[in-house]
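Me: Please pick one part of this model and go through it closely. I would like to know how far its side chains can be trusted and what surrounds them.

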Amino acid sequence: CASVTGWSACVDSYADARRTASTPGCASPTVCGRQRLQARKPDWRASALESLIKDVIFRTGAELAGHDRETLARFADELPGRFDAVAACGISDTLVHGDFHPGNFRGQGNALTLLDWGDSGVGHPLLDQPAFLERAPDSEKEDVKNHWNNQCLSAWPGSNPARAAELLAPVAAARQAVIYRRFLDNIEPDEQIYHRADPARW
């Protein structure tokens, strides 16, 4: 994804993968993602994600400065209202890749394949947007974001993807902390030293 066209092609490929994963009986490289969508695991939907975020904030709090703990406590208290506002934007939960960035694409032009569905689950499709845009050049972020918004409007007419993305940006960051916390909980103790600070960093 070396240009606006290339970045937008990645977004298009992801939208195609979500549609394919939601189509019963359709064989494709996203079959793992479709199975997760059907099983709703991992569950990144609002109610489950709210509990996971509050848990990681509680477990990580001792590593943070006092003002950061206060900010996160307010953020956690406001999550139900934030998720209600996201739902009002009119975009349904669907397949979430979980590690959506250009390095997970193979191919050329518009013939792209999105790989590494190991962290995929079900949740709001815009949860993947912040990490993807973070890697885009500053000069191209707005065009890529607008293209993504248009994809959402095509899939969910009358929705408000720009507002949903704004509301979900801090939630997406918190979800990364949840992912790293899970990773730490499932690796050998002598490996944890290399990743111990990751949840607090997010």
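Reply: What follows is a look at one helix, and then at the confidence along the chain.

This is a predicted model, in which local features need pLDDT of at least 70 and side-chain atom pairs count only at pLDDT 80 or more, while totals for chains, interfaces and linings use all residues. Residues are numbered from 1 along each chain as its sequence is written, and side-chain values use heavy atoms, with hydrogens and water left out.

The part chosen is helix H5, residues 79-87; helices here are DSSP runs of H or I, at least four residues long, numbered from the N terminus. Its buried residues are Leu79, Phe83 and Val86, where buried means under 20% relative accessible area (1.4 Å probe, protein chains only). These residues lie on the same side of H5, because they cover an arc of only 55° around the axis; the arc is taken from the directions from the helix axis to the C-beta atoms. An α-helix has 3.6 residues a turn, so residues three or four places apart point the same way. The cover over the buried residues of H5 includes helix H3 (46-60), helix H4 (66-77) and helix H8 (161-185).

Confidence is given as pLDDT, the predictor's confidence in each residue, from 0 to 100. In the chain it is highest in H5, at 98, and lowest in helix H2 (residues 31-39), at a mean of 55. The chain mean is 83, and 82% of its residues reach 70 or more. Over residues 27-31 pLDDT stays under 50. Where pLDDT is low, the predicted coordinates should not be read in detail.

Terms used:
Buried < 20%, exposed > 50% of the residue type's maximum accessible area, 1.4 Å probe, protein only. Helix = DSSP H or I, 4+ residues; strand = E, 2+ residues; numbered from the N terminus. Contact = heavy atoms within 4.5 Å.
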